[in-house]
Each structure stands twice: as structure tokens, then as C-alpha cells.
Amino acid sequence: MLSLLAHRRACAAKQREREERIRALPPAYHPPLSAADKQLLACPASEIVARVQTGALAPIDVLLAYSKQALRAHAATNCLTEVLIAKAEAWAQTCNTQGPLAGMPVSVKDTVGFEGEDACIGYSAWVGRPMKKDAALVRLLKDAGAMPFVKTNVPITLLSFESANDVFGRTTNPHGKDYSPGGSTGGEAALLAYGGSRLGIGTDVAGSVRAPAHFSGIYTIKASMHRFLKSGNSTSMPGQEGIPAVYSPMTRTLEDLEMFWKAVVGMKPWEYDHSCLPIPWREVDLASGKPIRWAVMWDDGVVAPSPACKRALETVVSELTARGHEVVTLDPPSPYEGLKLGFQLLLAEGGKLSTRPIRWGETNDPGVHEARIAFALPRFVKRLYAWYLRYIKHDDTYAGLVENCSEKTVEQYLGLIAKREGYREQWFEKLKDEAIDFILTVPNALPATPHGGMKSGFKGCGYTFLFNILDYSAGVLPVTHVDKELDALDTKVFKPRNAIERDMYSMYDSKKMHGLPVGVQVVGKRLEEEKVLEAMKTIETLLKESRKAYTLLSNLEE
């Protein structure tokens, strides 16, 4: 009972603090957007930086415009956690106006550490425990001339494609309030999609920047390990290195994504963070080299892409093929085997670390709750259930996940690491032998899932999780929107192959999902962020030339 009371007090205090920080802002932050604000919000980040560098634009004016729009985004979607606008005003007065991010407001996931600010990531027990110093990323951003101005919402545990917790509440998708903006960097995706920021930062351990990009209609490239700054931040699973989380940029446009990546890497992040490899930005020209070979993964063997997601992938493949690109179908090393391996590595300690801070009465993520129940079951019960699934229900896929759902010993964990390396070698040889440059696939079998969908949907993360297991650089760009007619599911023809696919498709409804964004995932090899960016630019150029380019959500009118 005392724990529940402490939980409720902490949640109330944090929400009150957020409201008071917004209310205490100067009057200039509260009126509707002015014509000048709208002009600024429509400018690419590179143009804003150039104008600040020449003295034609004051950083405080940029901060004002983006703060006003961020507050509008928050009112619509509940995307913000820590409101740092008052502090950003001071940074605007002294920022490096000649830096590569001069005068640009930057939003960041709630995990990012700021001196004197909480990074509670949705745990009420962590409210009132401010970070003692700025994270390496924050120091770099400030030195580059940026103004970090808001932090954004996450799911409790950080292990979900939703973004809800008792401390800050639930974030909704700006394209449809009944749907998730993604997770675990969902607040960031909602803010960027709404136009309340252009440059954002998230983390990804199983798709946590790519699923939000897909669900919300924005752009991202998940970095490979050690390419982007990570040290000094909050996490739900300290020491988890089997499938490490990586920090990565998220942006409103592809042009902004290129600018942001180049700006951060140009600041030599390895001089700020011991974990970063000293790899400068490498210019890539795909047009002048050997012909590009694209390989398409149409199905991961677990959950087939829904009609909407398949159509987006087909659109990209059609445009590439029509322009003479070589596109082949990928017959990959088993993605399902990768999924089993990834789940065992990510939750090798039985999910204890991410759930330990949860107080009695505090709401857990529905997917993580289900996983913890599975881990807590006696081993003989799991074996009996797996036998039932395999031999009575003829569902070998789900049975394989169930029977491996157990806490691992150190010896077992090391064995899994060895299997991970062997699995990576299989993919390395596959791509090398077939001279594959890029993999194209869906980011998820579904568009944005409805709130609460992760109760069953957490098992359907294979299309993104696979490339964390492999540590490949992987980007997502929006391609189209769900069409209620074009993307209808023929229920007379569709028969789920397993319980995971059945549960995922139980959420699919093209009529209710009409208008939601749909993205495509572009995957390179390890540490090939520059190449992935160029591949995304190639695809977007072709879509624009054929008048099929994605239309960003616009929320500049009152």
C-alpha cells in the first residue's frame, strides 16, 4: 500500500511539474503560430543553420517557433516528458552560432541525460533522481550550437512499440489517436511527425527508432554499434550487451537526416564518448560505382506483411525495377532462428532488470507483462505447452519461442553469444556470395498498431529485431499511407500460419487504419550508415520523379 501511494504521488508530482513548466513560459510561447513561425517551421534544418551562421536569424526566434509547435504537438499527442524550454532560452543566448547545428532546437528521448534533470523513463521510483552531469551526446549537441529543448515519451521498460507509462501517460499517433506512434522512441516520432521538431534522437534495441518512423511517417537510420554516442544516459537494462541498444538520429525529412548525421559525426563524437569508433563521415556515390544489387525479403517466415505494408514494398521494388536496377528475391538464413536467438539474448536474465524498478500497482507494458508471466512459469509447464503447440496445434513457430523462454545461466548465455556470432557469419557469407548491396523489407508486418496491441504484438518485431541481432545499419523512410480499399485483407484467402501471425493480423483493419503512414526498411551491412542514406535518397528520388512521394503530415494551421 505504501508503495502504491508513493507511486501515485510521484506520478502526480511529475505531471504537475511538466504542466507548471509549460504554464510558466513567457507569454510569447502561448499565442497561435505567426506567419514568421510558419515560415521557419517549413525551412530545412540546413537553411536555418546557414541563416544563423550568417547572422540573418537569431537562435531565440528559431527556439520560439519550434517550442510553440512542440507545445501544440504535446497538446494533441501527449509526447513530451521533460520541458527544457526555459533552459534552452539561456543556451540560445550563448550557443555556438558557427557550429554545424547553430541555432537548431533538438528534441531527445527521455533516456538522454541532462545535468539536474530527471531521466526516469517512465518509472515512478526514478522520479526526483536528477542526472549528475550532461551525457556525452548533450555536450556534443551544445558544442555544435544546438539547443536541446524537450525530452519525449517512452514505454515503461523501453521494451515496446507503444509509448505509455503511469508517470507521463500515453502518447498517441498524430495520424490517428487510437493508434500507437511506435516505441520505444514513440514520443519523439509523434513530435517529429507533428512538426514540433526537425531533429531528434532515439535508441533502438529491437526496432525502437525504426518502428516509430514507420508508424508515424518520419525518417531514421539505426546506427551500428559504436557509431553514435551512447554514454551517460538512463537505461532500463544496464549491462545488457547481448543485443545492445544504439542511439540514432530521427528526423522529419530525409534532407534533415543527412544534415544531422553529418553534423554529429563531423563533431568527432569519439572525442566525447569512449564507446564511439573514430570513423569520419565518408562520402558515397552509388551512381558512379558498380551497379547496385538490391535483395528483397518479402516474408520473415513468421508474420507475412499485411496488404498495406506489402504494397509499400512493392511500390519501391517496382520503381527500382522500372529504372533498370537489379532487384532479386532474398532467400536468407532463417529470420525465425534469428528471432529465437535475439529474444533469448535480450531477455537472458528473465526480464528482471527492466521490471525491477516497477512499484506495486504501477502499470507494466502489456507485452512485457506477458513475457514475465512466461518466464515465471515452471519449466515443465512450458515444455508441456510447447509440446501441445507443436504436436496438437501444429504450430512449431510459437512452440520454439515458448520452450526457450527461460532465464539463462552464464554458461548458456555465453553459448548464445557464440550462436549469435555464427548466425552473423551465415548472413555475411550470404550477402558476400550473392554480391548484395542492400536489403529491402518492411519495418513491421503491420502499420501502426492500436493501443494495447503489444500484449500479443511484441512477438511480431522480427523485421526490425533481425538487424539488431546482425548489427546492420538500417533505415526507414515513409512511402505511402494505408488505403481502406487497396489494402483490404481478404479473410477468405488469408489463413494464419502460427499464433504469432494470427495475433498480429487480429489488429489489422484497413478501414480503421486508413491514412496511417507505411514505410519501407533499407538495410546495409555493419557501419554502412552513409551507404544506407544514399540508398534511401535513391528511392525517394525515384518516388518523387514518378509523383508517388510520401506527403508529410502538416499541422501548421490552427
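Q: What is particular about the backbone of Gly145, the residue that follows α6?
A: In this predicted model, the phi angle of Gly145, which comes after helix α6, is positive and lies near 100°.

Q: Which residues of helix α6 are called buried, and what covers them?
A: In α6, which spans residues 136–143, the buried residues include Ala136, Leu137, Val138, Leu140 and Leu141, and the word applies because the relative accessible area of a buried residue is under 20%. The cover over these buried residues includes the strands β2 (105–109), β3 (147–152), β6 and β8, together with the helix α9 (254–266).

Q: Why is strand β8 described as largely enclosed by the rest of the structure?
A: Strand β8 runs over residues 246–251, and six of its six residues are buried, so the strand is largely enclosed by the rest of the structure. The burial holds for both directions in which the residues point: Val246, Ser248 and Met250 point one way, Tyr247, Pro249 and Thr251 point the other way, and all are buried.

Q: What makes β6 and β7 paired partners of β8?
A: Two strands count as paired if there are at least two bridges between them. Strand β6 (residues 199–204) pairs with β8 over six bridges in the antiparallel sense, with Ile201 standing opposite Pro249. Strand β7 (residues 219–222) has two bridges to β8, again antiparallel, and there Tyr219 stands opposite Thr251. Set against the criterion of at least two bridges, six bridges for β6 and two bridges for β7 both qualify.

Q: How do you know that β12 is mostly covered, and which strands pair with β12?
A: Seven of the eight residues of β12 (residues 474–481) are buried, and on that count the strand is mostly covered. β7 pairs with β12 in the antiparallel sense over three bridges, and Thr220 stands opposite Val476 in this pairing. Strand β13 (residues 517–523) is joined to β12 by seven bridges and runs antiparallel to it, with Ala474 opposite Val523.

Q: Why is Arg210 called buried or exposed?
A: Arg210 has a relative accessibility of 0% and therefore counts as buried, the cut-off for that word being under 20%. Arg210 lies in helix α8, residues 210–216.

Q: What makes the links from the side chain of Arg210 to Asn468 and Gln521 polar contacts?
A: The distance is 2.6 Å from the side chain of Arg210 to that of Asn468 and 2.8 Å to that of Gln521, and a polar contact requires a pair of N or O atoms within 3.5 Å, one able to donate a hydrogen and the other to accept it. Both pairs are accordingly listed as polar contacts. Beyond its neighbours within four places in sequence, Arg210 is in contact with residues including Asp204, Thr220, Lys222, Ala474 and Val476.

Q: Why is Arg21 placed in its exposure class, and which polar partners does its side chain have?
A: Arg21, found in helix α1 (residues 2–23), has a relative accessible area of 25% and is therefore partly exposed, since that class lies between under 20% for buried and over 50% for exposed. The side chain of Arg21 makes a polar contact of 3.1 Å with the side chain of Glu117, and a polar atom of the Arg21 side chain lies 3.2 Å from the backbone oxygen of Val83. Leaving aside neighbours within four places in sequence, Arg21 is in contact with Glu82, Val83, Leu84 and Glu117. Arg21 and Ile85 are 64 residues apart in sequence, yet their C-alpha atoms are 8.4 Å apart in space.

Q: How many cavities of 30 Å³ or more are found, and what lines the largest cavity?
A: A search of the whole structure finds four such cavities, and the largest has a volume of about 250 Å³. Its lining consists of 21 residues, with Leu159, Ser160, Phe343, Leu346 and Phe458 nearest the centre. The elements giving two or more residues to this lining are α11 (335–346) and α13 (366–376), and α13 supplies the largest share, five residues. The lining divides into 14 nonpolar, six polar and one charged residue.

Terms used. Residues numbered from 1 in each chain as written. Predicted model: local features only at pLDDT ≥ 70, side-chain atom pairs only at ≥ 80, totals over all residues. Heavy atoms only, no water. 1 Å grid on protein atoms, 1.4 Å probe; cavity = no way out; pocket = protein on both sides within 12 Å on 5 of 7 lines; lining within 4 Å. Points joined across faces, edges and corners; volume = space filled by probe spheres on them. Helix = DSSP H or I, 4+ residues; strand = E, 2+ residues; numbered from the N terminus. Nonpolar A, V, L, I, M, F, W, Y, C, P; charged D, E, K, R; others polar. Buried < 20%, exposed > 50% of the residue type's maximum accessible area, 1.4 Å probe, protein only. Contact = heavy atoms within 4.5 Å.
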